[in-house]
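User: I'd like to go through this one slowly, asking how each label is earned. Can you take me through it?

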Amino acid sequence: MLVRRSSSKVTDVSPTHAEIVSVVEAAGQLADHSGLRPWRVIEIRGDARDRVGDGFAKAEGKKGKDAEKHRQKARRAPLILAIVASLGSKKVPRWEQEAVASGVAHNISLLLDEAGWGVFWRTGSLTRTKAVRKAHRLEANEELLGWLYVGGLPERARKPRARSRVKVEQHLSSL
Ligand SMILES: Cc1cc2nc3c(=O)[nH]c(=O)nc-3n(C[C@H](O)[C@H](O)[C@H](O)COP(=O)(O)O)c2cc1C
């Protein structure tokens with residue numbers, strides 16, 4: 001975890017569906033108030049990525065060339081994992097359910113990073129628009145938490161990845 005890095009650029013290779021199944025299975029073993037499992041992940045590959053891009057374009061009212069720009073955005077990685085919070089419970093506050101879904105996304109990023117894949121969590125102002133919801137076929141009780149863009153780690157990013165360490169004293173205190 002000390003050396004984890006996001007990779008905004010990834011190559012065209014990607015983990016198989018079977019690899020994603022085991023990553024999601026492990027990532028889902030996290031603390032979860034009332035064991036609701038209030039999340040799901042949508043695996044998006046190949047031409048299905050254009051549905052996401054078209055959702056972005058529609059949300060902005062773009063057509064033609066401008067729509068193509070959005071399609072390219074959704075093609076920045078061979079595999080996109082859309083992270084969805086499925087907010088089913090009235091007893092457990094919504095924010096707690098979103099915290100669980102967010103934890104799953106972080107776990108997935110960590111597991112993929114550890115396995116040598118490049119990962120980048122993206123959101124943006126269009127994430128929770130109607131058109132983007134529709135493109136992902138979300139239910140009324142669901143919200144997107146963004147997308148993990150996943151692919152091969154470029155050669156350059158394979159070198160030891162120096163990063164500034166957390167200044168623990170700024171984030172850890174006692175009462
Ligand atoms: C919920 C969430 C949404 C994010 N959305 C974006 C985004 O839309 N665009 C972006 O450049 N970085 C975004 N980031 C940040 C990157 O994923 C990444 O963490 C950041 O570039 C720092 O790199 P590092 O993880 O290697 O420290 C987001 C991170 C999180 C947790």
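**How the labels are earned**

Analyst: Happy to. Arg122 lies over the face of Tyr149, at 5.1 Å from the ring centre. Before we go on: this is a predicted model, where local features need pLDDT of at least 70 and side-chain atom pairs count only at pLDDT 80 or more, while totals for chains, interfaces and linings use all residues. Residues are numbered from 1 along each chain as its sequence is written, and side-chain values use heavy atoms, with hydrogens and water left out.

User: What makes Arg76 count as sitting over the ring of Tyr149?

Analyst: The rule asks for NZ of Lys or CZ of Arg within 6 Å of the ring centre and within 35 degrees of the ring normal. The charged end of Arg76 is 5.5 Å from the centre of the Tyr149 ring, and it is listed as sitting over that ring.

User: How many aromatic pairs does a search of the whole structure find?

Analyst: Just 1 aromatic pair turns up. It joins Phe56 and Trp147.

User: Why is the pair of Phe56 and Trp147 called edge-to-face?

Analyst: Rings of Phe, Tyr and Trp (its six-membered ring) pair if their centres lie within 6.5 Å; planes under 30 degrees apart are stacked, over 60 edge-to-face, and the rest tilted. Here the centres are 5.3 Å apart and the planes are at 85 degrees, so edge-to-face it is.

User: Which parts of the chain does that pair tie together?

Analyst: Phe56 belongs to helix H2 (residues 49-59) and Trp147 to strand S4 (residues 142-152), so the pair links parts that are 91 residues apart in sequence. Helices (H or I, at least four residues) and strands (E, at least two) are DSSP runs, numbered from the N terminus. The chain has 6 helices and 4 strands.

User: Are Phe56 and Trp147 buried or exposed?

Analyst: Both Phe56 and Trp147 are buried. Buried means under 20% relative accessible area, exposed over 50%, and partly exposed in between (1.4 Å probe, protein chains only). Of the 175 residues of the chain, 41% count as buried.

User: Why is Lys65 called exposed?

Analyst: Its relative accessible area is 76%, so Lys65 is exposed. Lys65 is found in helix H3 (residues 64-73).

User: How do you know that the chain agrees with a compact globule?

Analyst: The radius of gyration is taken over C-alpha atoms, and the globule rule is 2.2 Å times the number of residues to the power 0.38. With 175 residues, that rule gives a radius near 16 Å; the chain has 17 Å, which agrees.
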